[in-house]
Amino acid sequence: MMSLDYEIIGITVLWSFLYLYVIIASIDFGAGFFNFYSKLTGDDNIISPIISRYLNPVWETTNVFFVFFFVGIVGFYPDTAYYLGTSLLIPGSLALILLSIRGAYYAFNSYNTESKLSWDALYGLTGLLIPASLSIALVISEGGYIEETAEGLTLNVEELLFSTYGWSVVFLAIISVLYISSGFLTFYANKAEDEKASELTRTWFLIWSLPTLVITQFVFLGLRDHNQVHFENAQNYWYLFGLSLLSMILAVFLVWRRRNYGTAFILIMLQFAFAFFGYGISKLPYILYPYININDAVVNENMAFALTIVFVLGLLILIPSLVLLAKLFLFDKDYVKGNKKY
Amino acid sequence: MDDVLIGRLLTGMTLSFHIIFATIGVGVPIVFMVLEFLGIRNRDAHYLTMSRRIAKGYTVTVAVGVVTGTIIGLQLSLIWPDFMRLGGQIIALPLFMETFAFFFEAIFLGIYLYTWDRFKNQWYHWLLTIPIVLGSSLSAVFITTVNSFMNTPAGFDFVDGEFLNIDPLAAMFNPSTWVRVFHVVVTAYMTIAFLLATISAVKLLKAKFTEDKTYHKKGLKVMMSIGVVMALLTMLAGDLSAKFLHEEQPEKLAAFEWHFETEERADLVLFGILDEETQEVKYELRIPWVLSFLAGNSFDTEVKGLNDIPEDEHPPLIIHYFFDLMVFFGMYGLGVAIVYFLVKWTKRWTKINEHHPLLLYLYALTGPLSFLAIEAGWFLAEMGRQPWIVRGYMRVSDAVTQADGLGITLIAFAVLYVILGITSIYVLIKMFKDKSAEEEKLNWYGETGIESEDVTGGRLP
């Protein structure tokens, strides 16, 4: 029998789910923020109905992508539970509290008889802080912030707080949320044939494209200072980053010319896919530099086999279900337009 | 306080809070599945309105269930990293499957909630309840297998502090899995039936909208029917649990029962106060020989006593009280449900109505007491496993994180749960307070309700 490389299967699966989470959660988090922002500026009557029509049926699903990732990573690489679990007690708990506030208050607000501005603020603002706090885990994974001694693990908080690389990743996370989300909302509003809304979201998108470009450069510079090995490895995959940039230019061009918003959003997804997988591949073989290497940290063979089987079976159920969800709420013109009493 | 205690408090707090919403999450789908079925089949807009209103309130509890579930999922690694490093080798499979079940449920719940008026044939909408019930119940099943593994580990060789030669399925279907899964699922269904019975009873007692009386009476009847069946199954589950504990975890059973000497014809001890030094129990209700019978269907069954178990492996003896509470609160629901049906069937002769205010007060208590039984049951199960995190292999004290900051984390989460708890109650009350069921029924299903010749099953034109 052909032997399977479980460590490669595992990391590919998990990285893909993390990528999907980044895209879907960005739409979700950004939409929450724009919803709050539009209430402040008085544009909420234009944009809020569009946002809630999209978010209401899908918000729970978004959260599952995240759960899937962290359950999967502990399953395939149990060592991550030890290293990241120990070092992330405080930042991880903070992220959890923010996530809970956001998830709960989103639901409270949408099912309450009248929505409250303070609740809008709670889920709008936490939506920007969550990606920031979650991205800490990625920063730590570059190594240099955790020390392992005979006594155990310690997270060097000071090092983390004054790290250029750390802050550039945090800002990248926040800015890309706004960028991805406004890109999606432009497409969705346009599909709803709501011109006012799509004009508004188009402006937001164009505004956020410049900082996106700038901050990615900072991340590269920060990485060069922080983890030379990874940075040099990343250069071997320059073409992936080049394709990412190209996709971004095309996406911005299309939106600027008010053309093909659907294609533009696909290009945005590609832009992040190239960058995200480029970053991921160049990081290998380390999940947590230098402690967790995918070649020796993978769960034992029997379990990896079982996980892979379950994963394939799971996808057989999930994909058609997700397609159904998308068909009903994303690609159903009447629903998107808000026609009929749906 | 030492870190082990804080870690336990934090995990205990998260789980006690989550379990409320998790139970609702598992139990409610079966209720709206039944109600919508009755509604469509009998063309009764009352049942349809009921399932729709319950599903509406359900969304709020699901939200809190989802976020607290996410918290406990990550807290396992944050508070008990050494446990997850060791146990992750072996509980990965059910955890992964749980996520899939949950995913499946989340997708179809989203669809269900926003497609009430979207299908020509209402049965299509009803079909959506199947994946929701499957998903929610299966996630309870899978997560319970994880907990069962921690109680009765199986499916591996233990070599130099590592699990080797792992058999994932044997670990998942370990000796305690079946009995615990059964117990967890039926008690969730029972608790939710009684919770909704409580709502009907309270509304009948203090009717703000008198036009809703028929609606609440119908609701009470359905909930009592589900409740009585599930309560009977719960009793069976409890009996199986006792036999199972006798076989697999005798120290837990002995601690439940303050049973010190290994003997045949062991007594069942209810209530009482224990003097731990002298092992004397005062003020108890002692039922001779019954413990032996419960453990092995024969008075001659020898039940192992605590004195034959190493002292540093004794569970805390306080769990006896949780055992008493669980059994009595659980039985209360069954008793009241039986009373409901007896009164209902004999009212022609006794002239006592099953909706007599005194009885309504009794029904009103079933929901809260069932929830207390669930909490007591989990306290019992979890504290009864002390001092182990993986029974026989890893102690709780060896699994706690070395990181600083557990104390502040405990406080932060306590504040979070208080806020979430208060807000969800506020939202739920507000959601239903000013809208009568009748008003919503008219709104959704029109003046005439559902005409019998209406083949679309009550869809609005």
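Start by selecting B:Glu354 and B:Lys347: the two form a salt bridge, with their closest N and O atoms 2.8 Å apart. Keep in mind that you're looking at a predicted model. Colour this pair by accessibility and the partners split: B:Glu354 is buried at 2% relative accessibility, while B:Lys347 counts as partly exposed at 33%.

Next stop, helix 8 of chain B, residues 213-248. Pick B:Lys243 and B:Asp239, whose side chains meet in a salt bridge at 3.1 Å, N to O. The two sit four residues apart in that helix, so about one helical turn separates them. Here B:Lys243 is the buried partner, with a relative accessible area of 17%, and B:Asp239 is partly exposed at 28%.

Now for a salt bridge that spans more of the sequence. Select B:Asp117 and B:Arg52; their side chains meet at 3.3 Å, N to O. This pair ties together distant parts of the chain, 65 residues apart: B:Arg52 belongs to helix 2 (residues 45-79), and B:Asp117 to the loop between helix 3 (81-113) and helix 4 (122-127). Is B:Asp117 buried or exposed? Buried, with a relative accessible area of 10%. B:Arg52 is buried too, at 9%. With the cut-off for "buried" set at under 20% relative accessible area, B:Asp117 at 10% and B:Arg52 at 9% both qualify.

Hop over to chain A for a moment. Show A:Glu199, A:Arg202 and A:Arg258 as sticks, and you'll have a network of salt bridges on screen. If you feel like hunting for others, a search of the whole structure turns up 15 salt bridges over all chains.

Back in chain B, head for the loop between helix 10 and helix 11 and select B:Leu317. That leucine is buried, with a relative accessible area of 12%. Which residues does B:Leu317 touch, once neighbours within four places in sequence are left aside? Its contacts are B:Ala255, B:Trp258, B:Phe260, B:Leu274, B:Glu276 and B:Leu306. Try a distance label between the C-alpha atoms of B:Leu317 and B:Ala255: they are 5.5 Å apart, despite a gap of 62 residues along the chain.

For the last stop, stay with the loop between helix 10 (290-296) and helix 11 (319-350), and pick B:Glu302. Switch on a surface coloured by charge and add B:Glu261, B:Glu263, B:Glu264 and B:Asp308 to the selection: together with B:Glu302, these residues gather in a patch of negative charge on the surface.

Conventions:
Residues numbered from 1 in each chain as written. Chains lettered and ligands numbered in written order. Predicted model: local features only at pLDDT ≥ 70, side-chain atom pairs only at ≥ 80, totals over all residues. Heavy atoms only, no water. Patch = residues over 30% accessible without salt bridge, like charges linked within 9 Å, V, L, I, M, F, W, Y side chains within 5 Å. Areas by Shrake-Rupley, 256 points an atom, 1.4 Å probe, with all protein chains shown as cover. Salt bridge = Lys/Arg side-chain N within 4 Å of Asp/Glu carboxyl O. Lys, Arg positive; Asp, Glu negative; His and termini not counted. Charge placed at Lys NZ, Arg CZ, Asp CG, Glu CD. Buried < 20%, exposed > 50% of the residue type's maximum accessible area, 1.4 Å probe, protein only. Contact = heavy atoms within 4.5 Å.
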